[in-house]
Amino acid sequence: MRLKRPVPYDINWFPNNMEAILAGRDCFGNCSACSLRNLKKFCYVLSPVCSYVSEPDDISESVYWMPKKTICNTNLLMLAPPIELVQWFYNTPVAQARTIAGEMVKNSVLKGR
């Protein structure tokens with residue numbers, strides 16, 4: 001009987017290769033522009049953090065996800081995500097992935113102001 005070992009992956013792959021793009025002050029976001037929209041598991045993990053509400057003034061902002069490299073976006077649109085992205089989503093616990101993505105959204109919103 002073979003033991004299953006976790007596949008080694010880079011926990012920083014997502015923050016280093018994807019970015020949160022501001023979609024404006026719309027709580028529904030711009031899912032049609034998101035590069036992860038056709039990948040249901042990935043979308044499920046990130047959907048709670050795609051909207052950001054700032055504490056002091058309760059201004060809501062939303063984001064969509066785009067890769068930093070053009071070739072990666074082309075592959076995502078053809079439903080051929082990079083293996084590193086797949087490994088990141090399947091090896092990172094959902095709560096941790098949402099925390100990482102939430103920080104990226106927060107940084108994007110603060111940078112956009």
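**Entry 1. Overall layout**

I read the order of elements from the N terminus on as α-β-α-β-β-α-α-α. I note at the outset that the model is predicted. I counted 5 helices and 3 strands in the chain. Of the 113 residues in the chain, I found 35% to be buried.

I then looked up the contacts between residues at least 6 apart in sequence; 80% of them join residues at least 24 apart. For the surface, I recorded about 7300 Å² exposed by the chain, of which carbon and sulfur atoms supply 56%.

**Entry 2. The nonpolar core**

I next examined the largest nonpolar core, which holds 27 residues. Which of its members touch the most others? I listed Phe14, Leu36, Leu46, Trp65, Leu85 and Phe89. I traced the core to its elements: α1 (13-17), β1 (18-24), α2 (40-46), β3 (60-67), α4 and α5 (94-112) each supply at least two residues. The largest share comes from α5, with 6 residues.

**Entry 3. Helix α4**

I turned to helix α4, residues 83-91, and asked which of its residues are buried. I noted Leu85, Trp88 and Phe89. Seen down the axis of α4, the buried residues fall within an arc of 90 degrees, so they line one face of the helix. The general rule I kept in mind is that an α-helix has 3.6 residues a turn, so residues three or four places apart point the same way. On the other side of α4, I found Ile83 and Tyr90 exposed.

I looked at two of the α4 residues in more detail. Phe89, one of the core members that touch the most others, is in contact with Phe14, Leu36, Lys41, Phe42, Val45 and Leu46, when neighbours within four places in sequence are left aside. Isoleucine 83 also belongs to α4, but I classed isoleucine 83 as exposed because its relative accessibility is 53%. I computed a C-alpha separation of 9.8 Å between isoleucine 83 and tyrosine 9, which are 74 residues apart along the chain.

**Entry 4. Cysteines**

How many disulfides does the model contain? I counted 0. A disulfide is a covalent bond between the sulfur atoms of two cysteines, and the cut-off I applied to the sulfur pair is 2.5 Å.

I checked cysteine 31 and found its closest cysteine sulfur in cysteine 43, at 5.9 Å, which is too far for a bond. For cysteine 34, the closest cysteine sulfur is that of cysteine 50, at 6.1 Å, again too far for a bond.

Are cysteine 31 and cysteine 34 buried or exposed? I recorded cysteine 31 as exposed, at 52% relative accessibility. Cysteine 34 I recorded as buried, at 9%.

**Entry 5. Two buried polar residues**

I located serine 35 in the loop between β1 and α2. At 3% relative accessibility, serine 35 counts as buried. What lies 2.8 Å from a polar atom of the serine 35 side chain? I found the backbone oxygen of tryptophan 65 there. Trp65 is also among the core residues that touch the most other members.

I placed asparagine 17 in helix α1. With a relative accessibility of 16%, asparagine 17 counts as buried, since the limit for that class is under 20%. A polar atom of the asparagine 17 side chain lies 2.9 Å from the backbone oxygen of tryptophan 13. Leaving aside neighbours within four places in sequence, I listed Met66, Pro67, Lys68 and Lys69 as the contacts of asparagine 17.

**Entry 6. Residues brought together from distant parts of the chain**

I looked up tyrosine 44, which lies in helix α2. Tyrosine 44 has a relative accessible area of 55% and is therefore exposed. Its C-alpha atom is 9.5 Å from that of valine 94, although the two residues are 50 residues apart along the chain.

I then looked up glutamine 96, which I placed in helix α5. Its relative accessible area is 36%, so I entered glutamine 96 as partly exposed. Between the C-alpha atoms of glutamine 96 and isoleucine 11, I computed 10.0 Å; these residues are 85 apart along the chain.

Notes:
Residues numbered from 1 in each chain as written. Predicted model: local features only at pLDDT ≥ 70, side-chain atom pairs only at ≥ 80, totals over all residues. Heavy atoms only, no water. Buried < 20%, exposed > 50% of the residue type's maximum accessible area, 1.4 Å probe, protein only. Helix = DSSP H or I, 4+ residues; strand = E, 2+ residues; numbered from the N terminus. Arc of directions from axis to C-beta. Core = buried A, V, L, I, M, F, W, Y, C linked by side-chain atoms within 4.5 Å. Contact = heavy atoms within 4.5 Å. Polar contact = N/O pair within 3.5 Å; in protein donor to acceptor, adjacent residues only side chain to side chain. Areas by Shrake-Rupley, 256 points an atom, 1.4 Å probe, with all protein chains shown as cover.
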